[in-house]
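Welcome, and thank you for taking a look at this protein with us. Please keep the sequence and the 3D view open while you read, and follow along at your own pace.

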Amino acid sequence: MHPQIPLPLQLHDDYNFDNFIAGNNSLILRSLQTLDDTFIFLWGDAGTGKTHLLQAACQHASTLNKTTSYLPLQDLLDFSPNILDGMESVNLICIDDIDAINGNATWEEGIFNLFNNLKQQGGQLIVSSKTSPQYLPLALSDLKSRLCSCLPLNIYPLDNESTIKAMQHRAKSLGLVLNSDVAEFILSRFPRDLPTLWRLLQRLNHASLAAQRKLTIPFVKLTLLN
């Protein structure tokens, strides 16, 4: 079990640092594994692994007996920001999709107060967004100023070689063997963001089990293109 604030949220056990394919993001990986009082702002395109990294940071901190809380703001907007009250006592807070609260005055104020209180308590904050902090259209300028003071880390999309490596790692976890030529074929015909690729591999896994067939280009064509 992970020591966390009691919110109706659960970490994915397979979102950890060991199975994250870093590509050109090795510096980010090292920074997120450092547990201190640094406030970090992680930004990059959708599907580049921000959620994976934030949950991995929580998993890592938990193994070191640190209290953690993972907050996917997109899923919490139906709640009052009062759920943040007292959370400054947590060692590490990871806020996913900070851009989900753009223009939401009550939530912006709640995050602003949490930021200040956590700073005073010596905790650590990691925030993710699709855009860098200076381009967030936040109504509360003081919150934007606080976020701009964080250590900015821009996560880059994986190159072709690293994407294939990530696909093969994911396929292996599903019990599949994904040869490089088959992976190249998939990448040439479908979007390259990781969530889309994971969904495609899941479809191929179901089809492979049902048909008792290995992953070949003809089988992938039959399954995904017909």
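The buried residues of helix α7 pack against α6 (160-173), α8 (194-211) and α9. Those buried residues of α7 (residues 180-187) are Val-182, Ala-183, Phe-185, Ile-186 and Leu-187. Here buried means under 20% relative accessible area, exposed means over 50%, and partly exposed is in between (1.4 Å probe, protein chains only). Helices (H or I, at least four residues) and strands (E, at least two) are DSSP runs, numbered from the N terminus. An α-helix has 3.6 residues a turn, so residues three or four places apart point the same way.

Before going on, a word on how to read the values. This is a predicted model, in which local features need pLDDT of at least 70 and side-chain atom pairs count only at pLDDT 80 or more, while totals for chains, interfaces and linings use all residues. Residues are numbered from 1 along each chain as its sequence is written, and side-chain values use heavy atoms, with hydrogens and water left out.

Helix α9 (residues 217-225) is home to Thr-223. Thr-223 is buried, at a relative accessible area of 17%. Setting aside neighbours within four places in sequence, Thr-223 is in contact (heavy atoms within 4.5 Å) with Arg-203, Leu-204 and Ala-207.

**The whole chain**

Now step back to see the full picture. The protein chain has nine helices and five strands. Read from the N terminus, its elements run α-β-α-β-α-β-α-β-α-β-α-α-α-α. Its C-alpha atoms fill a box of roughly 60 × 35 × 35 Å along the principal axes. Of the 226 residues, 46% count as buried. Among contacts between residues at least 6 apart in sequence, 73% join residues at least 24 apart.

**Two domains and their interface**

The chain is divided into domain 1 (17-154) and domain 2 (160-225), with bounds that come from an automatic or database domain assignment. Five residues from domain 1 and seven residues from domain 2 take part in the contact. The C-alpha centres of the two domains lie 32 Å apart.

How much area do domain 1 and domain 2 bury between them? The figure is about 460 Å², with 78% of it on carbon and sulfur atoms. Buried area is the accessible area (1.4 Å probe) that two parts lose on being put together, summed over both. On the domain 1 side, Asn-19, Ile-21 and Gly-47 supply 80% of the area buried against domain 2, more than any other three residues.

Across this interface there is one residue pair in polar contact, both at pLDDT 80 or more. A polar contact is a pair of N or O atoms within 3.5 Å; within protein, one must be able to donate a hydrogen and the other to accept it, and residues adjacent in sequence count only if both atoms are side-chain atoms. The count of salt bridges between the two domains is zero.

**One salt bridge**

Side chains of opposite charge can pair when their charged atoms come close. A salt bridge is a side-chain nitrogen of Lys or Arg within 4 Å of a carboxyl oxygen of Asp or Glu. The structure holds one such pair, formed by the side chains of Arg-170 and Asp-14 (3.6 Å, N to O). This pair links distant parts of the chain: Arg-170 is in helix α6 and Asp-14 in the segment before α1 (26-32), 156 residues apart. Arg-170 is partly exposed at 23% relative accessibility, and Asp-14 is partly exposed too, at 35%.

**Cysteines without a disulfide**

Why does the count of disulfides come to zero? A disulfide is a pair of cysteine sulfur atoms within 2.5 Å, and the sulfurs below are too far from their closest cysteine sulfur for a bond.

| Cysteine | Closest cysteine sulfur | Distance | Relative accessibility |
|---|---|---|---|
| Cys-58 | Cys-94 | 3.7 Å | 0%, buried |
| Cys-148 | Cys-150 | 8.5 Å | 38%, partly exposed |

Cys-58 also has a partner of another kind: the side chain of Ser-62 reaches the backbone oxygen of Cys-58 at 2.9 Å. Ser-62 sits in helix α2 and is buried at 10% relative accessibility.

**A loop residue**

Finally, look at Asp-45, in the loop between β1 (39-43) and α2 (50-63). Apart from residues up to four places away in sequence, Asp-45 touches Lys-50 and Pro-157. The C-alpha atoms of Asp-45 and Thr-131 are separated by 7.6 Å, although these residues are 86 residues apart along the chain.
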